[in-house]
Protein chains: 2
Amino acid sequence: MNFKEKLLRTADINKSWLCVGLDPDMGKLPETLPKSIDGISQFLKEVIDATKDIVCAYKPNSAFYEQFGVDGISLLKDIIDYIPKKIPVILDAKRGDIGNSSRMYAVSAFEHLNVDALTVNPYMGYDCVKPFLDYKDKGVFILCLTSNPSAADFQKRLVNDDSKAAKMIYELVAEKALSWNDNDNCGLVVGATSPSELSEIRKSIGDDIPILIPGVGAQGGDLEASLKAGGNSNGQLAIINVSRSVLYPSNKDDFADKSRERAMELVAQMRALLF
Amino acid sequence: MNFKEKLLRTADINKSWLCVGLDPDMGKLPETLPKSIDGISQFLKEVIDATKDIVCAYKPNSAFYEQFGVDGISLLKDIIDYIPKKIPVILDAKRGDIGNSSRMYAVSAFEHLNVDALTVNPYMGYDCVKPFLDYKDKGVFILCLTSNPSAADFQKRLVNDDSKAAKMIYELVAEKALSWNDNDNCGLVVGATSPSELSEIRKSIGDDIPILIPGVGAQGGDLEASLKAGGNSNGQLAIINVSRSVLYPSNKDDFADKSRERAMELVAQMRALLF
């Protein structure tokens, strides 16, 4: 089963397009847990146990693990291994390098950590993305339009194109992703903070490409607008990633229940719209 | 002493702008060494011993270590720690994420691994680069125009700009880097495969910003042309990175001598031109 089949199946069974971002922050750990790698491990595993029947995927961000050095990479592997095999894991690492090096990053993500999908950065072009796409059963989410304010610095630059109407760099990335999708394993990352652009991107890429949508919650994006703008004509493949607001609603020992409660609020909104 | 001072001092003492890329490839290890992490460690340390008086910096590429999983990260730390403290280490990891996450990557590179400089990807804009630049004593090399064929996909797109002459995305990146250089710690990455563009970029950024230039050797870039095009008006700050051709000239037990020989050939060309 390839990444997209696994994603669609989990979304269907769990009736959810919620992806929980597993981004450990030592300073926000519940006060009942030790402020250590072990404390983080216990915390994330309890959150996984409390949400695994209401998510479509989990997304650990590599930066939050790398901050702890070698021990953090062991923790990342441990957390990925803990997630039930039927739930897809998207590693948010925003990798990309010349072909030879991208191949090594692909080995790291897809063979050592054994995740189902990876986020990649398109700045260096096709030959840097292809080594990831060559893993036919794995998903590759290409950064398109991100949710941060400075996304405008380069992504929103209007490009001259001799043959067609002018378009922005992020629109060109979406167009390229569609043309790179021979293995049906391309995805895009588009922030929830731009619902109108999200809607235009979905129209331009059609129904088949999943869109990973960060920025709902702490960053201010709207859930319903994102689902409507990002979903395909069947209401599918708009993956709503929420990290901080689901992970840290409580710093007491009820944290897992509160995480589930917060996740369930979001999922209830999704179900009212889509399932 | 900040990164640039350390770089200039080492280049001056060693009379060299050669940066050796420490990119371990198990398949190319000398046949006398075990095909293992220990074998790689021994190999890289012997290459470092054989070249440390004729380089301006070392550049390990994170991908080549991450390919070995957790053990690879320990190896990376071990190799970085082995490099004499007076020689700057540039970690080639091409990181970049929203501010919160970039801060974690900065902790990983600058505090855990304790490297002197890092390569970063500009696609997400200023707020994703700033957390790295905030480390005033560390260098931040921003990808500008890379040496791979697909660099043209996005980097060479012509951007409409109301106020000024049209420019390409990579020229805009160079212009931004200059404006982000408040701490005098910005650098650029420009491939040796484009000497005329390299020369234009050096003119546009002035004398103060170091340029990391991969692509000489295995990728076909010319050493002399790159030094002339990338150097400032004092013939400084064009860092020529060579990986494969210095690391793997021999697979016998004379490998360290051969590495030094190959490095010395390049350095001799540099000295004839610049020192």
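The questions and answers below concern a predicted model.

User: Which relation do chain A and chain B show when one is laid on the other?
Analyst: Two copies of a chain are related by a rotation about an axis and a shift along it. Here chain B can be laid on chain A by a turn of 180° with a shift of 0.0 Å along the axis, at an RMSD of 0.0 Å. That turn and shift therefore give the relation of a two-fold axis.

User: Which residue of chain B comes closest to the rotation axis?
Analyst: The distance is taken at the C-alpha. At 2.3 Å, the residue of chain B that comes closest is B:Val159.

User: What share of the interface residues of chain B are also interface residues in chain A?
Analyst: The copies meet through the same surface. This follows because the share of chain B interface residues that are also interface residues in chain A is 100%.

User: Is B:Asn14 buried or exposed?
Analyst: B:Asn14 belongs to helix H1 (residues 3-14) of chain B. Buried means under 20% relative accessible area. B:Asn14 has 10% relative accessibility, so this residue counts as buried.

User: The backbone oxygen of which residue lies 3.0 Å from a polar atom of the B:Asn14 side chain?
Analyst: Beyond its neighbours within four places in sequence, B:Asn14 is in contact with B:Asp53, B:Ile54, B:Val55 and B:Arg271, among others. The backbone oxygen at 3.0 Å from the side chain's polar atom belongs to another of these contacts, B:Lys52.

User: Which residues of helix H6 of chain A are buried?
Analyst: The cover over the buried residues of H6(A) includes strands S3 (90-95), S4 (117-120), S5 (139-145) and S8 (186-190), and helix H5 (99-112), of chain A. Within helix H6 (residues 126-133), the buried residues are A:Cys128, A:Val129, A:Pro131, A:Phe132 and A:Leu133.

Notes: Residues are numbered from 1 along each chain as its sequence is written. Chains are lettered from A and ligands numbered from 1 in the order in which they are written. This is a predicted model: local features need pLDDT of at least 70, side-chain atom pairs count only at pLDDT 80 or more; totals for chains, interfaces and linings use all residues. Side-chain values use heavy atoms; hydrogens and water are left out. Helices (H or I, at least four residues) and strands (E, at least two) are DSSP runs, numbered from the N terminus. Buried means under 20% relative accessible area, exposed over 50%, partly exposed in between (1.4 Å probe, protein chains only). A polar contact is a pair of N or O atoms within 3.5 Å; within protein, one must be able to donate a hydrogen and the other to accept it, and residues adjacent in sequence count only if both atoms are side-chain atoms. Contact means heavy atoms within 4.5 Å. Copies are superposed by least squares on the C-alpha atoms of residues with pLDDT of at least 70 in both.
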